[in-house]
Amino acid sequence: MRLILFGPPGAGKGTQAKKITDKYMTAHISTGDMLRAAVKNGTELGLLANSYMEKGELVPDGVVIGIIKDRIAEKDARNGFMLDGFPRTVPQAEALSEMLNSEGETIDAVISIEVGDEEIVKRILERQKIEGRRDDTEDVVRNRLKVYRSQTEPLKSYYAEEGVLFEIDGLGAIEDVFGRIDGVLSELNA
Ligand code: AMP
């Protein structure tokens, strides 16, 4: 299966991504994780990415599209993958469609985890206490949310038109949210 996991920062994408990849044994590709690794390693890419990430802005499309192109060509991703945090803009979604179409492939499902803004801010500030992510401060979180609502959420209609969008209620216990996602994926996989 080729999946996209979608949702605002703090919707629980990372947690659900792990549960999905465990059950469906598919490669987990997170642009956020890859960029954080580059920042940590102090690479040229990391230095560039950090200047956007620390403000809660999106890293330029050309940069993330290049990263994804290389990553989905790797062996473990050839027969399926789950993208977490990509695409985030219309040009990214279009570039992804082109990459897949040139191989005769398509996205099977876009799982969008739905959570409202106030709950998000509350959850992320909790996460900051536990994980200490530098972009989890209140101002940066509010900016990431604004960027999500203006640049990323419109992608839902792009995928709805393709008939692959599934909206999932992201409130409640981790297992309950996973149950809702699993309901969709097990049917697709049947
Ligand atoms: P995440 O862990 O997915 O919330 O990503 C953390 C940060 O990395 C984002 O706030 C962006 O600055 C950057 N980032 C991750 N994925 C992308 C993407 N697909 N496009 C642009 N920026 C991204």
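A residue counts as near the ligand if one of its heavy atoms lies within 4 Å of it. Keep that cut-off in mind for the tour, and remember that the model you have open is predicted.

**Stop 1: the ligand**

Select the ligand and show what is around it. With that cut-off, 16 residues surround the ligand, and the closest are Thr 31, Arg 36, Glu 57, Gly 85 and Arg 88. Now colour helix 2, residues 31–41: this helix gives the most to the shell, with 4 residues.

Next, put distance labels on three polar pairs. Start at the side chain of Thr 31, where an N or O atom sits 2.8 Å from a nitrogen atom of the ligand. Move on to Arg 36: an N or O atom in its side chain is 2.9 Å from an oxygen atom of the ligand. For the third pair, turn on the backbone of Val 59, which has an N or O atom 3.0 Å from a ligand nitrogen. How much of the ligand does the protein bury? Taken alone the ligand exposes 480 Å², and the protein buries 96% of that. If you run a pocket search, look at the top of the list: the space taken by the ligand is the largest pocket.

**Stop 2: a cis peptide**

Select Phe 86 and Pro 87 and check the omega angle between them. The peptide bond joining these two is cis, with omega at about 0°. Most peptide bonds are trans, for comparison. Pro 87 belongs to the loop that runs between strand 3 and helix 5 (90–101).

**Stop 3: Gln 92 in helix 5**

Follow the chain into helix 5, where you'll find Gln 92. Is this residue buried or exposed? Gln 92 has a relative accessible area of 3%, so it counts as buried. Show the side chain of Asp 61 as well, and you can draw a polar contact of 2.9 Å from it to the side chain of Gln 92.

**Stop 4: strand 1 and its partners**

Now pick residues 2–6, which make up strand 1; 5 of its 5 residues are buried. In a regular strand the side chains alternate between the two faces of the sheet. Turn on the side chains here and you can see two sets: Arg 2, Ile 4 and Phe 6 point one way, while Leu 3 and Leu 5 point the other way.

Add strand 3 (residues 81–84) to the selection. Strands 1 and 3 run parallel and are joined by 4 bridges. Then add strand 4 (residues 109–114), which also runs parallel to strand 1 and is joined to it by 4 bridges. Leu 5 is a handy residue to centre on. Its bridge partner in strand 3 is Asp 84, and in strand 4 its partner is Ile 111.

**Stop 5: Glu 114 and Glu 119**

Stay with strand 4 and click on Glu 114, which lies in it. Glu 114 has 23% relative accessibility, so it counts as partly exposed. Label its C-alpha and that of Leu 171: the two residues are 57 apart along the chain, yet these atoms are separated by 7.8 Å.

Then go to helix 6, residues 117–131, and select Glu 119 there. Glu 119 counts as partly exposed because its relative accessibility is 25%. Try another C-alpha pair from here: Glu 119 and Ala 11 are 108 residues apart along the chain, and their C-alpha atoms are separated by 8.9 Å.

**Stop 6: Leu 145**

Finish in helix 7 (residues 138–152), which holds Leu 145. The relative accessible area of Leu 145 is 5%, so this residue is buried. For a last distance, go back to Arg 2 on strand 1. The C-alpha atoms of Leu 145 and Arg 2 are separated by 26 Å, and the residues are 143 apart along the chain.

Methods: Residues are numbered from 1 along each chain as its sequence is written. This is a predicted model: local features need pLDDT of at least 70, side-chain atom pairs count only at pLDDT 80 or more; totals for chains, interfaces and linings use all residues. Side-chain values use heavy atoms; hydrogens and water are left out. Buried means under 20% relative accessible area, exposed over 50%, partly exposed in between (1.4 Å probe, protein chains only). Two strands pair if DSSP finds at least two bridges between them. A polar contact is a pair of N or O atoms within 3.5 Å; within protein, one must be able to donate a hydrogen and the other to accept it, and residues adjacent in sequence count only if both atoms are side-chain atoms. Accessible areas come from the Shrake-Rupley method with a 1.4 Å probe; for residues, only the protein chains shown count as cover. On a 1 Å grid over the protein atoms alone, a cavity is a set of points where a 1.4 Å probe fits but cannot get out, and a pocket is an open set with protein on both sides within 12 Å along at least five of seven lines; lining residues have an atom within 4 Å of a point. A molecule sits in a cavity or pocket if more than half of its atoms lie within 2 Å of its grid points.
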